[in-house]
Every structure is written in C-alpha cells, then in structure tokens.
Amino acid sequence: MNITEKSVNQEKQQRINRALVLQLLRQQKLASRADIAKLSGLQRATISNIVRELMDLGLVVESGFLCSEHGRRSIGIQINGKRVGVIGVMVTRECFGISRIGLCGELFETEYFQLRKGDSVAESLKRLKLEINRMILAHPEFRVLAVGFAVPGPYRMEGDEMIFITNLKGWDGVPVRSLLQQGITVPVFTENDANAGAMAQFWSHETELTKKDLIYIVAGQGIGCGMISDGVMLKGAMGIAGEIGHTTIDCHGPRCACGNYGCLELYASVLALKDRIGARLRAGERSMLSLWDLARPDAKAAIKEAWDKEDRLVCEEFEKTCEYLAIGLVSLINQMDPEVVILGDALAEIGGVRMLEIVQREVKARIRPIIWENLRIELSTLSQNPILLGAGAIAVQHIFEDPIAFVQ
C-alpha cells in the first residue's frame, strides 16, 4: 500500500468513526467519553480526539457532570442540537410545510402554507424557497447546515426526477432538488415522503427494535410506504421502492393514473374515501357532510368531525377504507416480514384507534399465525409530523457522514 492509499483509507476510517460517535450521541442524548468508547468499541484516546474535533466544529458541547456506577464523576457531552440543525420540508398535494430541526431531531417550529391552485411548479418552489430563507434568517443564533426535502410519490435520485404524482399536475419529471437548491446556500437533500417518515419512526423506535426492521405506511391522499431492513432504508434500483399504493388489489378495478388497474390507492386513500362519500351524497343518501364540505381545503377536518359524531355514512366508508388498506398490507407483510408496521398520516388522524382495530383484525385473519405472533402493527405515536421530522433526519444523516464538509 502506497502513502496515498494509506492516507485515503485513514480518512475514510476517520469519517466512519466520526459518524459512529455522532450517531451514538444522538441516541444517548447525554453521555461521557468513556460511555461512547464502550458503546463504539473504539479506544478512549480515539474518542477524545474525535470529540475535540467535533467540539471545534461546534457540533458537540460539554454539559455538566455524570456519575458512573462507581461514583466517579465525568464530563457529559452531547450534540449541540439547540444551536445547530437543519430545515425539514415536505410537500403534499395541498400544502407544504417547513420545520426548524436540531441535529438530534428536536423540532423547534413548523409552518404550513397552502399550495395555490394555478401556480406552476416553478412558482410553488419559488414560494417555498422564500419561506425557507425567511425561517433561516429569522434565527441567526441557529446555524442551519442543510435542508431535507420530502416529496410525495416516487422520486428518482439519479437524475433528480419526480417519476409521477397522482392528483398533483405538472410535477412529473421535474428536477425538484435542483430547482429548490437555486437560491438556497446550504445543500438540499431530497427523499420520498414515506421514506422520510420511516426514518423518523426508526429514530423513535431504534433502541427497542431487535431486528431493526420497520415499515411505515403513509395513508393520506395517496398510499406510500417506507421500508427499513436491518437499519438500512430499502430504496430499490431507481430509488422508488415502496410504492404500495400502486399495487393491484382488484385486477378488474378502474384504471389508475400510474397506468395500472385496481391500485390500492384507489380504494384505501383519503381521496378514495372522499370520492365514495361524495358518490353516496350525490345518490341522495343523508349525512351531516355535504358535497361543499368535501370540496373545502379542510375536507379532512370535516370528515373527522363526522366520524367523531358517528355519522353512519362516513363511518361505513371509513371502515371500508381501512379494510382495503389491510388487504394491501397483507401482501407487503408476507414479502418483507417486518418486525413492526406503523400506520400514520391523514387516515390515522381521522379515526386512528378504529383504523388500527380493523387493520389488525383483517391482517390477522389473512396471514399465517407464526407471522402474526412475531408482528406488531401500531399507530404512529410521534407528536410531531413524521414526514417533516424524517426530512430533517435525512439531512442530518448526510451531515453525520461527513460533518467537516458541512461546517467548514
């Protein structure tokens, strides 16, 4: 091995060690140098050098004293998440959201903005950039190192291309990351919204997961799925794995915008729920909802109110929607064999407890007992938006992989 190869390998190993220390500090929240050395398997001298370097970069700070089991005091260290972080961004078919997030996942503030009908993609992204920069400039005490951008529907990282988004015209084929990067001075990283949400769920559950296998279902205006296996995000050859919403549950069903027939998204999404409620209202059936309610931007809130008041029509269609979702999940569970499936987004926000009951009942009835006995199906318990948190987590992951590149 020549000198150049040796120095390259040393730098690569140093990056791996820095990333490991940062990940452990994120998980532990507060730890001593000795704790991190024990958890990482690295020498204490190596840990001391890395911590010193990260403190010089402003990413790690000392914070008080810790007592060991032997009564010895040591200086605590933690990631400087109150002063350094990222901006998390998400786009839905109706709005976009922006959050300021610390390096440990602390969410400090969130704002939402409606997408304006008639705006082009370029106009929408221009508004988005203005709001991102406004949030950054409003907090000079908080250093933003990157932006994480979660988009609905499949996104091809190689080529920076939106593959397709049903019910959101004009976005197909758009290089969204490149367009958003223009006018933003920190790096922008783009990810599918379901993958971002899965990352947030994984950060929340990773210490309790035995196999590090998790599936997160985004049951909203579409149906998305983020999959993590052995702690690693599954993306597929083009980066568009997890499009469960475009798997067939009825081969004789209607044609989907993706080109397939009988897609799960046409039966189990909030848009499908609205369409079926609307069809019954137009047929003359009675409900506390009106067609005007369904056409409002806050239609989900109106549906939830009707659900909470046990409106018969809404309850019937909501429960049918959950049954369809369970049918789609059975195939995914049989393929992926996950440790836990987490349900989230708009459908869960309408009637999460009943949704969980129906999905658990239907899945249990359709899979082998040994699979059911080793599976957990849960609702998301994150108090903040998982997709925004996950968008921030994606950006943080990139920072941890090479922090010097972001700070210097």
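**Close-up views of a predicted model**

**View 1. Where helix H2 meets helix H3.** From H2, the residues Arg33, Ala34, Ile36, Ala37 and Ser40 touch Arg44, Ile47, Ser48, Val51 and Met55 of H3. Sort that contact by class and you get six nonpolar, two polar and two charged residues. This is a predicted model, so keep that in mind for every view here. H2 covers residues 33-40 and H3 covers residues 44-56; the two pack at an angle of about 120 degrees, and their axes are 9 Å apart. That makes the pair oblique to each other. The crossing of H2 and H3 is right-handed.

**View 2. A three-strand open sheet.** Look for the strand order E1-E3-E2, with antiparallel pairing. E1 (31-32) and E2 (60-67) sit at the edges with a single partner strand each, so one side of each has no neighbour in the sheet. E2 is joined to E3 (residues 73-79) by six bridges, and the two strands run antiparallel. To find your place in this pairing, start at phenylalanine 65, which has isoleucine 75 of E3 opposite.

**View 3. Strand E4 and its two partners.** Strand E4 takes in residues 84-91, and eight of its eight residues are buried, so the rest of the structure largely encloses it. One partner is E7 (residues 143-151), which pairs with E4 in the parallel sense over seven bridges. Within that pairing, glycine 85 has valine 144 of E7 as its bridge partner. The other pairing to look at is with E5 (residues 95-102), where seven bridges link the strands and the direction is antiparallel. Here valine 91 is found opposite phenylalanine 96 of E5. E4 and E5 also make a hairpin, with three residues between them.

**View 4. Strand E11, buried on both faces.** All the action here is around residues 214-219, the stretch that makes up E11; six of its six residues are buried, so the strand is largely enclosed by the rest of the structure. Leu214, Tyr216 and Val218 point one way, while Ile215, Ile217 and Ala219 point the other way, and all of them are buried. That fits the usual pattern: side chains in a regular strand alternate between the two faces of the sheet.

**View 5. Isoleucine 217 and the neighbours of E11.** Stay on E11 and follow isoleucine 217, which has cysteine 225 as its bridge partner in E12. In E14, the bridge partner of isoleucine 217 is leucine 343. E12 (residues 223-229) runs antiparallel to E11, with six bridges joining the two. E11 and E12 form a hairpin, and three residues lie between them. E14 (residues 340-344), by contrast, pairs with E11 in the parallel sense, over five bridges.

**View 6. Helix H8 against helix H11.** These two helices, residues 270-282 for H8 and residues 312-336 for H11, pack at an angle of about 145 degrees with axes 10 Å apart. Their crossing is right-handed. On the H8 side, the contact uses Leu273, Arg276, Ile277, Arg280 and Leu281. Facing them from H11 are Arg312, Leu313, Val314, Glu316, Glu317, Phe318, Lys320, Thr321 and Tyr324. By class, the contact residues split into seven nonpolar, one polar and six charged.

Conventions
Residues numbered from 1 in each chain as written. Predicted model: local features only at pLDDT ≥ 70, side-chain atom pairs only at ≥ 80, totals over all residues. Heavy atoms only, no water. Axes fitted to C-alpha atoms, helices over the stretch in contact; angles between N-to-C directions. Helix = DSSP H or I, 4+ residues; strand = E, 2+ residues; numbered from the N terminus. Left-handed = near helix turned anticlockwise from the far one by under 90°. Contact = heavy atoms within 4.5 Å. Nonpolar A, V, L, I, M, F, W, Y, C, P; charged D, E, K, R; others polar. Parallel < 35°, antiparallel > 145°, perpendicular 65-115°, else oblique. Pairing = 2+ DSSP bridges. Buried < 20%, exposed > 50% of the residue type's maximum accessible area, 1.4 Å probe, protein only.
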